[in-house]
Structure formats: structure tokens, C-alpha cells
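Work through the exercises below with the structure open. Try each task before reading its solution.

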Amino acid sequence: MIAASEPHTAAAGVRVLQRGGNAVDAIVAAKLTATVTELPLTSLGGGGACIWGDARDGYEVLDFFGAAPGLGLASWPILDFAPITVDFGETSQVFHIGKGAAAVPGELVGLLALHRRAGRLPLREVVAPAVTWARDGFRVSPQIAMIAGLIAPIASNSATVRRIFQPVGRLPRAGDRLANPDLGDFLQALGDGSADAQVATYRSALVEHFGPEHGGLITAEDVAAYAPATRPPLRIPFGDHMVLTNPPPSAGGGLIGAGLRIAEELGLGGEEFLSPAHQLAVAAVLATVSEVRGAGYDRRLHADPEAIRQLVAGCSLPQWARHARALCRENTLGATTHISVIDADGMAAAMTTSNGEGCGHALPGLGIHVNNFLGEDDINPAGFHRLVAGSRMSTMMSPTIVLAGERPHLALGSGGSNRIRSAILQTLLNVLAYGRPLDEAVNAARQHIEGRQLWFETAGLTAGTADALQARWPGATRFASASMFFGGVNCVASIDGRLAGAGDQRRGGIVMFADEGSAAALPD
């Protein structure tokens with residue numbers, strides 16, 4: 001079973017499962033397809049993280065997020081780095097784009113490393129669905145058309161990006177057929193020939209077009225030094241389950257772990273679901289998590305990662321996390337996307353990736369839009385271009401597996417920038433503490449807190465609940481219906497030996513089941 005945010009993405013994973021692939025084959029095929037069909041959200045020029053494994057061989061995290069560029073630079077170049085305003089209707093936000101906004105991307109080499117490490121089908125079968133839709137075109141979903149419209153200034157920034165987003169001279173609309181033949185040819189060569197040769201071509205293009213001579217920071221030393229990092233997951237005990245998630249230098253996993261520790265101390269689970277007592281209790285947990293982040297948490301991700309492991313493993317918050325508050329900047333869009341898979345043999349995989357909003361430039365001839373990770377406030381808390389060259393950037397991405405014993409019980413994750421931690425934490429509490437059915441747990445009204453600011457959805461809340469939250473947080477922002485602001489949790493589960501799944505309707509979530517021996521029907 002696979003849960004994703006777009007039908008083609010899910011169908012690619014199903015096809016690979018039906019052909020005998022395992023969960024890793026399926027998630028790599030789905031993510032390669034997402035680089036074609038979810039083009040505003042993810043790209044081979046982006047980055048992400050994946051957690052995978054099974055009861056026999058254990059569980060690992062592969063970190064392939066972006067790295068700070070600039071290795072070997074003798075002097076700082078004049079950067080192509082400029083603010084651009086994106087209008088979200090209710091609000092607007094400034095991002096920075098240009099070639100100087102591009103971090104060293106890890107998605108291509110990360111997907112290849114994951115497939116080599118744990119896949120079992122030939123790479124040509126894994127890339128085949130993505131090749132088909134890149135070359136022949138696919139029907140654009142309403143969700144993807146809407147997001148492409150939001151980032152219109154970025155998707156129109158250069159000829160190389162307009163070639164991807166606007167081959168007919170305008171942004172895609174729902175139902176339009178959109179192709180990326182350059183990317184299709186690249187992926188076909190990746191599967192048919194030497195993957196190493198294609199990676200070398202890709203890396204050369206990064207240095208040629210995003211190096212200091214063109215206003216970027218990516219050097220030959222950067223791409224030669226970059227490698228995905230395999231790490232043991234954070235292990236967070238919660239009741240009868242063990243929650244495994246993304247460790248430092250990721251920011252999200254430790255904050256989710258802190259939330260679970262706090263919820264367990266408070267004894268959450270007995271309140272009527274979606275009642276004032278329930279929502280106020282959840283808000284208290286989220287507020288405390290925000291306080292933890294404001295207490296020097298981000299600095300410890302690199303300097304003292306063991307402190308984060310102690311934070312999630314202990315029974316109480318450490319002294320450093322108890323009192324500070326801070327207001328954090330918000331990325332309203334949260335251009336990330338998530339896929340979860342559990343296969344028939346009991347292997348689980350969960351992967352979250354992003355391209356930021358994209359830097360507005362693509363690799364000529366390859367059809368790959370490159371990230372703008374260096375231009376996002378919320379993953380550069382110390383300021384732009386402050387990271388040491390070669391260091392791995394932090395991210396809120398938190399692909400997560402929940403174990404019952406040592407077997408996968410849930411595989412989940414979310415898009416949504418800073419809201420990722422809140423979306424995953426609330427989904428985990430809805431299932432593990434409140435015992436809600438999977439679809440309700442994923443799609444129930446959601447909250448998020450940063451510092452002293454609360455955002456919350458009101459749909460489905462019991463009488464008086466919204467007013468109780470507003471009274472506690474007078475400046476809170478209400479959403480009358482489910483909003484993509486609150487992330488997009490896609491979750492699969494193994495319950496009493498049977499597979500189930502739930503897709504987050506906030507971001508077009510979809511679940512597909514792979515019947516053994518049946519033919520794979522691919523959408524148009």
C-alpha cells in the first residue's frame with residue numbers, strides 16, 4: 001500500500017510493487033515520478049530524507065537534504081540572489097531566489113543510493129513510470145495547478161524554468177497535459193546506461209550553470225564532496241510503541257519527540273476528541289514544543305546532537321528547554337511532499353522531499369529546476385549564507401515509522417515547512433493516544449503554534465471549542481475549512497496483519513493498494 005499526494009506518484013509505486021518490487025523500489029519510483037508530476041514541490045535539484053526498514057534487518061535514515069555550498073572559493077562572488085514576493089491571497093511572503101539561493105542538492109544521488117542499498121528491481125524498471133509521463137505528458141491535477149499558480153513569479157523567472165512550467169506560454173491549468181522531455185531523456189539514460197555517468201553529467205551542469213561565474217556558489221569541490229548520510233533514527237518510546245524518526249541535523253524529529261514526551265507526561269488520551277479539553281491540551285503540547293525550539297534547540301542540532309537524543313528519550317524536559325520563548329518565521333507554502341509505503345513482506349519506507357520554492361533557474365537540457373534552500377528564512381535561522389561550506393542544512397522534514405514490537409505499524413510524514421512537526425505529532429497522538437481511525441486521525445482539525453501565535457482549523461470541532469481556543473490565544477488565526485497551510489500527512493498502516501492507508505485531503509492525498517499479480521493501470 002502507498003499513500004502520496006498525487007495520483008501519478010502513487011500509481012508509479014503501485015506498478016513497481018505489482019512487478020515484484022519492495023517498499024524501497026516503490027518509494028524511489030514514486031519519488032522519481034513526483035519530480036515530473038509534482039513539479040512545484042520536488043525536483044532532482046532538491047533534497048529530502050527517507051526512513052526505511054523491517055523487523056529482520058532493522059531501520060535506517062538516509063539524509064539527502066541540501067548542503068551549504070562554497071568549498072574551495074577564494075573569494076565571495078557577486079550573487080544572483082534577490083527577494084521575490086509570493087501572494088497567497090490572505091497573506092504574502094518574501095522568498096529569495098536566483099542562482100545564489102541554490103544549495104548543493106542531494107535528491108538525485110540520494111534516490112540512487114537508496115535504491116542501490118535496499119531495492120531489488122533493476123533501476124530501469126524503477127524509472128520507467130517517470131520516463132513515460134515526462135516524455136508523453138501527464139494530466140495536471142487541480143492541486144498542482146493551484147501551487148504552480150502560487151509560485152508564478154518563480155516559474156516565470158527564466159527561460160529554463162519557463163520551458164518546464166510553461167511550454168505553451170502560460171502556467172498549467174488543471175487537466176492540461178504537461179511534459180518534460182528533457183527530464184524524460186535524462187531519466188531514461190539513468191535507467192538504461194551508467195547511472196554514474198548521468199550523475200557526472202548532472203554534477204557538471206550544476207557547476208557550469210550555478211557556479212561563481214554565474215552568480216551561484218556551487219563548486220566542483222562541493223559536488224565531489226557531497227554524499228547522502230546514513231544515520232540511526234531517533235527512537236522515541238510512546239506507550240506500547242516505538243516511534244522512529246529523522247535525527248539531527250534534522251530539526252523536526254527531535255521536536256516531534258519532545259511533543260510525544262510532553263503528551264505522555266500530561267496523560268493525553270482521555271479527553272473527548274475535538275472537544276475544548278482535547279484541543280486545549282494539544283495546544284499546550286504544541287506551545288511547549290515551540291518553547292523548546294526557542295531555547296537554543298537549533299544550535300544544538302549540529303553542536304550537541306546527543307542533547308537531542310536525550311531530550312526525546314528522557315522522562316522530562318532538560319533544563320535548557322524549559323523556559324525560553326521565541327517567535328519563528330513562517331513559510332506559508334511549505335513546498336514539500338511526502339510518500340509512505342508498506343509492502344507485503346513487512347518492509348516500510350517513508351520519504352519527504354522538497355525543492356523549496358525553486359530558485360527560478362533550471363539545468364539546461366536536463367529539465368531539472370534547482371532548489372532555493374539558501375533563500376528560505378525558516379531553514380536559515382542565523383541569516384542567509386551563514387552556514388559553513390560543506391555543512392548539511394537542517395530541515396523540519398520528519399519521515400517517521402512507528403513500531404509495534406519491531407514490526408512496522410505506521411509509516412507517515414508530511415509536507416508543510418515548520419508545520420511538519422505539528423502535523424505529524426497530532427496525527428501520532430490521534431492514533432496512538434486517542435485511538436482514532438486512520439483517516440480521521442489524518443484529516444481531523446489541526447493546530448500549529450509558533451511562539452505566542454496560534455493557527456487552527458475549526459471544521460469538526462465540538463461546540464464551544466473554537467471559542468475556547470480563541471479565548472486562550474486572542475490573536476489566533478482561524479481557518480473555517482481544512483487548509484494546506486497545516487501540512488499534508490500521508491500515512492500507511494499495518495493493523496492486525498492487514499494494510500490500511502490515509503491521504504491528507506489538504507494536499508490532495510491519495511491511497512492505492514497493489515494487488516498481487518494484477519496489471520498496473522497507469523493514469524493518463
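The exercises that follow concern a predicted model.

**Exercise 1. One helix and its buried side**

Find the buried residues of helix H13 and explain how they are arranged around its axis.

Solution.
- Step 1. Helix H13 spans residues 305-313. Its buried residues are Ala307, Ile308, Leu311 and Val312.
- Step 2. These residues span an arc of only 130° around the axis, so they sit on the same side of H13.
- Step 3. Recall the general rule: an α-helix has 3.6 residues a turn, so residues three or four places apart point the same way.
- Step 4. Now look at what lies over the buried residues of H13. The cover includes strand S9 (234-238), helix H11 (252-266) and helix H12 (276-303).

**Exercise 2. Salt bridges**

State how many salt bridges the structure holds. Then examine the pairs Glu60 with Arg117 and Arg478 with Asp467, and say what each ties together.

Solution.
- Step 1. The total is 19 salt bridges.
- Step 2. Glu60 pairs with Arg117, with 2.8 Å between the closest N and O atoms. Glu60 belongs to strand S3 (residues 58-63) and Arg117 to helix H3 (residues 107-118), so this bridge ties together parts 57 residues apart in sequence.
- Step 3. Check exposure. Glu60 has 25% relative accessibility and counts as partly exposed. Arg117, at 49%, is also partly exposed.
- Step 4. Arg478 and Asp467 meet at 2.9 Å, N to O. Arg478 is in strand S19 (residues 477-479) and Asp467 in helix H16 (residues 465-472), so the pair links parts eleven residues apart in sequence.
- Step 5. Arg478 is partly exposed at 40%. Asp467 reaches 51% and counts as exposed, because the cut-off is over 50%.
- Step 6. Add a bridge between Arg56 and Asp57, whose closest N and O atoms are 3.1 Å apart. Both Arg56 and Asp57 are exposed.
- Step 7. Finish with a network of salt bridges. Arg446, Glu457, Asp504 and Arg506 are its linked residues.

**Exercise 3. The surroundings of Thr400**

Is Thr400 buried or exposed, and which residues does Thr400 touch?

Solution.
- Step 1. Locate Thr400 in strand S15 (residues 400-404).
- Step 2. Its relative accessibility is 0%, so Thr400 counts as buried.
- Step 3. Follow the side chain. A polar atom of the Thr400 side chain lies 2.7 Å from the backbone oxygen of Ser398.
- Step 4. List the contacts, leaving out residues up to four places away in sequence. Thr400 touches Ile51, Val243, Leu244, Thr245, Ala350, Leu410, Ala411, Leu412 and Ile424.

Definitions and conventions
Residues numbered from 1 in each chain as written. Predicted model: local features only at pLDDT ≥ 70, side-chain atom pairs only at ≥ 80, totals over all residues. Heavy atoms only, no water. Buried < 20%, exposed > 50% of the residue type's maximum accessible area, 1.4 Å probe, protein only. Helix = DSSP H or I, 4+ residues; strand = E, 2+ residues; numbered from the N terminus. Arc of directions from axis to C-beta. Contact = heavy atoms within 4.5 Å. Salt bridge = Lys/Arg side-chain N within 4 Å of Asp/Glu carboxyl O. Polar contact = N/O pair within 3.5 Å; in protein donor to acceptor, adjacent residues only side chain to side chain.
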